[in-house]
Amino acid sequence: MKMNIAVLPGDGIGPEIVAQALNVTEAICKKFGHELTYKQALVGACAIDECGNPYPDETHELCMQSDAVLFGAIGSPKYDNNPSAKIRPEQGLLSMRKKLGLYANIRPVTTFESLIHKSPLRTDIVKGTDLMCIRELTGGIYFGRPQGRSEDNNTAYDTCVYTREEIERIVHLAYKYAMQRRKKLTVVDKANVLCTSRLWREVAQKIEKQYPEVTTEYMFVDNAAMQLIQWPGRFDVVVTENMFGDILTDEASVITGSLGMLPSASVGIYTSVFEPIHGSYPQAAGKNIANPIATILSAALMFEYAFNLPNEGKLIRKAVDASIEAGIVTEDLAKDGKTYSTSEVGEWITNYVNN
Ligand code: GGG
């Protein structure tokens with residue numbers, strides 16, 4: 001199989017973790033006889049620095065022409081510490097999602113057997129965690145307008161907007177995944193307070209009737225946040241709006257040992273993007289200490305979702321599990337033992353695939 005991949009390392013630790021994911025990807029292609037071509041482009045703070053635009057037209061063209069996009073992370077303290085900055089790196093991420101029609105962000109949350117004993121939570125709780133969070137990605141408060149400040153600068157506002165159509169397509173997608181899994185769907189909202197959440201619930205309750213094999217439950221986001229930590233094994237597929245999904249999956253990453261463990265696939269209309277759920281971790285940039293596993297697992301999702309090559313994804317996951325079992329982990333996972341660098345972990349996983 002021949003594949004064109006757009007590579008967008010982004011900011012902070014992005015280049016380091018993406019380099020390791022690419023090494024693993026190339027090893028997989030060599031092993032299974034695939035041909036990979038990849039082209040790199042700018043997104044985020046590095047793109048603003050280069051051309052004043054966090055998602056340049058050339059980057060968009062490249063993504064549109066590619067079979068898949070492998071993306072690192074976005075964000076820079078240079079902009080965080082400057083609230084009056086007119087352009088922010090995160091706008092690059094939002095523009096990319098909107099222009100590529102990436103309305104669904106799929107975030108599998110699974111605990112690796114090899115890591116369970118290292119988890120900060122009780123092993124009887126985290127064992128068996130295998131849920132999939134489907135986060136709506138191109139609507140809600142991240143995109144709603146108006147957004148801004150009053151003239152006297154003393155009031156700020158964001159607007160949460162959802163249309164019936166946006167909710168319908170994501171809820172149908174969630175049911176599609178639930179049908180392929182344990183046939184349980186949790187719709188997470190804040191319908192006791194938010195108007196948009198009441199529309200979510202109304203739409204989901206209508207769609208529910210079309211999937212009688214799936215058990216559907218409705219849960220307020222505060223309750224979901226609690227139950228996720230208390231009893232993660234009770235969840236199968238969770239579908240929710242943009243901001244709730246962002247927050248709940250960062251929370252869920254704790255169950256898997258580290259924020260550096262969770263991959264994601266963004267799918268939709270034109271192409272698909274694979275990226276770790278974490279951000280650019282600027283404090284670690286250039287130090288070769290960040291965990292590359294979330295990005296390597298995102299490459300596994302790329303083989304499965306973009307190229308329909310499940311065995312390739314499975315081998316990457318097996319290699320990751322073996323690296324953890326062997327104790328070849330970065331500092332976020334090494335509770336007491338020896339710590340390995342980003343490149344050492346990546347090389348170990350690459351070698352495992354090669355052998
Ligand atoms: N790899 C994901 C990333 O760079 N996240 C940074 C960020 O600002 N994320 C916000 C979001 O996912 O909506």
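Here are three short exercises on a predicted model, each with a worked solution.

**Exercise 1.** Work out which residues surround the ligand and how the shell splits by class.

*Solution.* Start with the list: the ligand is surrounded by Ala73, Ile74, Gly75, Glu90, Leu93, Asp246, Glu275, Pro276, His278, Gly279 and Ser280. Next, sort the shell by class, and you get four nonpolar, four polar and three charged residues. Finally, look at where they come from: α5 (89–99) and β12 (273–276) each supply at least two residues of the shell.

**Exercise 2.** Find the residues that UniProt annotates as "binding site", and decide whether they gather at one spot or scatter.

*Solution.* The unreviewed UniProt entry puts that annotation on Asp222, Asp246 and Asp250. In sequence they span 29 residues, but no two of their C-alpha atoms are more than 14.3 Å apart, so they gather at one spot. Asp246 also turns up in the shell around the ligand.

**Exercise 3.** Place Asp222 and Asp246 in their helices, say how exposed each one is, and describe how the helices pack.

*Solution.* Asp222 sits in helix α10 (residues 221–230), while Asp246 belongs to helix α11 (residues 242–253). Now count neighbours. Buried takes 20 or more other C-beta atoms within 10 Å, and exposed takes 12 or fewer. Asp222 has 13, so it's partly exposed. Asp246 has 18, so that one is partly exposed too. On to the helices: the axes of α10 and α11 come within 10 Å and cross at roughly 15°. Angles under 35 degrees count as roughly parallel, so α10 and α11 are roughly parallel to each other. Their crossing is right-handed.

Definitions and conventions. Residues numbered from 1 in each chain as written. Predicted model: local features only at pLDDT ≥ 70, side-chain atom pairs only at ≥ 80, totals over all residues. Near = placed C-beta within 6 Å. Helix = DSSP H or I, 4+ residues; strand = E, 2+ residues; numbered from the N terminus. Nonpolar A, V, L, I, M, F, W, Y, C, P; charged D, E, K, R; others polar. UniProt positions renumbered as here; feature names shortened; annotations may be inferred. Axes fitted to C-alpha atoms, helices over the stretch in contact; angles between N-to-C directions. Parallel < 35°, antiparallel > 145°, perpendicular 65-115°, else oblique. Left-handed = near helix turned anticlockwise from the far one by under 90°.
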